[in-house]
Amino acid sequence: MDCTKCTQKGCRHGAPCHDNSNAYLETYHQPTQQAYVKAASALVDNGRAGTLNRLEEITEFIQRMGYQKVGVAYCYGMEDKATLLRKYFERAGIKPTMVSCTVDGITEDDVAPGKGACNVSCNPIGQAEALNQSGADFVLLMGLCLGHDILLQKHLKMDFTTFVVKDRVLSHNPLSALTS
């Protein structure tokens, strides 16, 4: 399947070329899934699509879902922005738990024995563990390195989304690579 090559786009008009909906519609109808459906729909329905920036969407989603404690797993290189995010959330009445990628101060050689590097390592598994223990019910990823973000996500036990994708070359806007 390659939807980018489709010229019909029937799925956008209720006439899909491929219909597996019976395999997952029951899942959408489960009460736990409906909470996500309704919160997401509220952000885009009735002409709202494109009226909120990502941070505004995240804040409203947090409020609609009733999350009480929000964790942020951030890259230490973005600590100044993470501090601004913490202050933003506090003003919005959201209790943030901020966890740097250098949590626990382990070395690169601790993480990858034999590497021979004594530098402090990123610790996405430690970040996930700290967030799991913090009681956070929702986590934002903020500028984690590729691979570290995957490790963190594999070990989180709660809902999460990405706020910032790290792209040092393109000012954290990876989409601009498509238009360069």
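Two residues are in contact when heavy atoms of one lie within 4.5 Å of heavy atoms of the other. The structure described here is a predicted model.

**His155 and the pairing of H6 with H7**

Under that definition, and leaving aside neighbours within four places in sequence, His155 is in contact with Ile125, Ala128 and Asn132. His155 itself belongs to helix H7. Its relative accessible area is 34%, so His155 is classed as partly exposed, between the limits of 20% and 50%. The C-alpha atom of His155 is separated by 9.8 Å from that of Leu131, a residue 24 places away along the chain.

These contacts form part of the packing of two helices. Such a pair is described by the angle between the axes and the distance between them. Helix H6 (residues 124-134) packs with helix H7 (residues 148-155) at an angle of about 35°, and their axes are 8 Å apart. The crossing of H6 past H7 is right-handed. On the H6 side the contact is made by Pro124, Ile125, Gln127, Ala128 and Asn132, and on the H7 side by His148, Leu151, Leu152 and His155. By character, five of these residues are nonpolar, four are polar and none is charged.

Several residues of H6 are shielded: Pro124, Gly126, Gln127, Ala128, Leu131, Asn132 and Ser134 are buried. The buried residues of H6 pack against strands E1, E2 and E3 as well as against H7. After H6 comes Gly135, which has a positive phi near 85°.

**The sheet**

An open sheet is formed by four strands in the order E2-E1-E3-E4, with parallel pairing. Strand E2 (95-100) and strand E4 (159-164) are the edge strands, each pairing on one side only. On average, neighbouring strands of this sheet are turned by 25° against each other, with direction ignored. Helix H3 (residues 54-65) packs on the sheet and touches E1, E3 and E4; the direction of H3 makes about 160° with that of E4.

Strand E1 pairs with both E2 and E3, as the table shows.

| Strand pair | Sense | Bridges | A bridge pair |
|---|---|---|---|
| E1 and E2 | parallel | six bridges | Ala73 with Val99 of E2 |
| E1 and E3 | parallel | five bridges | Tyr74 with Met142 of E3 |

How many residues of E1 are buried? Five of its six residues are buried, and E1 is thus mostly covered.

**Ser100 in strand E2**

Ser100 is found in E2, one of the edge strands. Is Ser100 buried or exposed? Ser100 has a relative accessible area of 13% and is therefore buried, the limit being under 20%. A polar contact of 3.0 Å links the side chain of Ser100 to the side chain of Thr102.

Not counting residues up to four places away in sequence, Ser100 touches Tyr74, Tyr76, Glu79 and Gln127. Among these, Tyr74 is the residue whose bridge partner in E3 is Met142. Gln127 is one of the buried residues of H6, and Gln127 also takes part in the contact of H6 with H7. Gln127 therefore appears in two settings: it touches Ser100 of the sheet, and it belongs to the contact between the two helices, where contact means heavy atoms within 4.5 Å.

Conventions
Residues are numbered from 1 along each chain as its sequence is written. This is a predicted model: local features need pLDDT of at least 70, side-chain atom pairs count only at pLDDT 80 or more; totals for chains, interfaces and linings use all residues. Side-chain values use heavy atoms; hydrogens and water are left out. Axes are lines fitted to C-alpha atoms, for helices over the stretch in contact, and angles run from 0 to 180 degrees between N-to-C directions. A crossing is left-handed if the near helix is turned anticlockwise from the far one by less than a right angle, and right-handed if clockwise. Ala, Val, Leu, Ile, Met, Phe, Trp, Tyr, Cys and Pro count as nonpolar, Asp, Glu, Lys and Arg as charged, and the others, Gly among them, as polar. Two strands pair if DSSP finds at least two bridges between them. Buried means under 20% relative accessible area, exposed over 50%, partly exposed in between (1.4 Å probe, protein chains only). A polar contact is a pair of N or O atoms within 3.5 Å; within protein, one must be able to donate a hydrogen and the other to accept it, and residues adjacent in sequence count only if both atoms are side-chain atoms.
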